[in-house]
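Student: I would like a close look at one part of this protein. Please take me through the sheet and what surrounds it.

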Amino acid sequence: MSTESRPHVILWGVAKPPNAPSSSGFCQKLEAFLRFSGISYEVGETVPMKAPKGKVPFADIKHGGKTVTIADSHFIVRYLVENGLIQDPNTDLTAIQKGESRAWQAYIEELLYSAIVRDRWYLDENYAVTVEEIFGGMSWPLRPMISWFFRRKVKQSIWNAGMGRHSQEEAQSLQKEAFEALEARMSGHLYFHDSQQPTRIDLIIYGFLANTLATNGNPYWTDMVLRSSTLLAFTKRMTTLLFPEYELLLHRIEEAEVLK
Ligand SMILES: N[C@@H](CCC(=O)N[C@@H](CS)C(=O)NCC(=O)O)C(=O)O
């Protein structure tokens, strides 16, 4: 197949640091799918305001002489699979396993990640760290203006989703419940469904673990994960398989393993 006709994806997401996970869990999840599938892709930089659904990621998918734009990580993966552009990692799963995967996906994406993002943008000390990590390269007065704007926007969407209406203790108790459930579910398993290769839910769990472990903006969650041999081993295995260039993340995991 000539380079021209080879399928190619442009993953549009927030600015990504070199050799490190994206600061957006959903962008990192999608990149894990793309990397695992072997499809040709590149990462483009944008802002949610420019996205078709007002959220990142969205993707330009070039195949069969056309370019199709799809928004939302779930629908992007669905499009790639349905059009035969990537293999479905869930092919060999039973209907019950697929259902369980989908339930965990919703738990992680809709509830857990929302509680973690709440911590990043609601708590002043985490907000300061998050701003430094994401907008550190920006100069004054752009940086305070953009940070203020994003904080207002994210807080509004966390409030609308319902997570912003809980107290900090309640929201953190949801993180703890999810941590304990995830650790118990993954304990003793190389992959979620004991498959030979990662399935969709492994790529999803990985995307969010890599994203949340690569930042100092959600220490409540990170401190729990860094004490979990199961989740550290899983994240290390997946990073080595998919993103060996994430040296700082691997270093953080290895340091935590030594301290255990
Ligand atoms: N269901 C969407 C969720 C995407 C999402 O929430 N993206 C966040 C960044 S991690 C976003 O763009 N937020 C901007 C906003 O809510 O205004 C997906 O799977 O892609």
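How many bridges join β3 to β4, and do they run parallel or antiparallel?

Tutor: There are 6 bridges between β3 and β4, and the two strands run antiparallel. Keep in mind that this is a predicted model.

Start with that pair. β3 and β4 make a hairpin, with 2 residues between the strands. Gly64 sits in the turn and has a positive phi of about 55°. Within the pair, Ala59 has Ile70 of β4 as its bridge partner.

Now widen the view to the sheet. It is open and has 4 strands, in the order β2-β1-β3-β4. The pairing is mixed. Strands of a sheet pair through backbone hydrogen bonds, either parallel or antiparallel. The edges are β2 (40–45) and β4 (66–71), each pairing on one side only. On average, neighbouring strands are turned by 20° against each other, direction ignored.

Next, take β1, residues 8–13. Its pairing with β2 is parallel and covers 6 bridges. Here His8 stands opposite Ser40 in β2. The pairing of β1 with β3 is antiparallel, with 5 bridges. In that pair, Val9 stands opposite Ile61 of β3.

Two helices lie against these strands. α1 lies across β1 and β2 and runs at about 165° to β1. α2 packs on the sheet and touches β3 (58–63) and β4. The direction of α2 makes about 145° with that of β4.

The loops beside the strands deserve a look too. Most residues other than glycine have a negative phi, and most peptide bonds are trans. Two spots here depart from that pattern. Pro57 lies in the loop between β2 and β3. The bond joining Val56 and Pro57 is cis, with omega about 10°. Asp72 is in the loop between β4 and α2. Its phi is positive, near 90°, although Asp72 is not a glycine. Further along the chain, the peptide bond from Trp140 to Pro141 is also cis, with omega near 5°. Pro141 is in the loop between α4 (124–135) and α5.

Now the ligand. The shell around the ligand has 13 residues, and Ser24, Pro48, Lys55, Ser73 and Ser157 come nearest. Three elements give two or more residues to this shell: α1 (25–37), α2 (73–82) and α5 (142–161). By class, the shell holds 4 nonpolar, 6 polar and 3 charged residues. Recall that α1 and α2 are the helices described above against the sheet.

Finally, place the sheet in the whole protein. Domain 1 covers 8–82, and domain 2 covers 95–259. Their C-alpha centres lie 19 Å apart. In the contact between them, 12 residues of domain 1 meet 21 residues of domain 2. The side of domain 1 that touches domain 2 has 5 nonpolar, 5 polar and 2 charged residues.

Overall, the protein has 10 helices and 4 strands. Along the sequence the pattern is β-α-β-β-β-α-α-α-α-α-α-α-α-α. The radius of gyration is 18 Å, close to the 18 Å that the globule rule gives for 260 residues, so the protein is as compact as a globular protein of that length. The C-alpha trace spans about 50 × 45 × 35 Å along its principal axes.

Definitions and conventions. Residues numbered from 1 in each chain as written. Predicted model: local features only at pLDDT ≥ 70, side-chain atom pairs only at ≥ 80, totals over all residues. Near = placed C-beta within 6 Å. Nonpolar A, V, L, I, M, F, W, Y, C, P; charged D, E, K, R; others polar. Pairing = 2+ DSSP bridges. Axes fitted to C-alpha atoms, helices over the stretch in contact; angles between N-to-C directions. Contact = placed C-beta atoms within 7 Å. Domains from an automatic or database assignment. Rg over C-alpha atoms; globule rule 2.2 N^0.38 Å.
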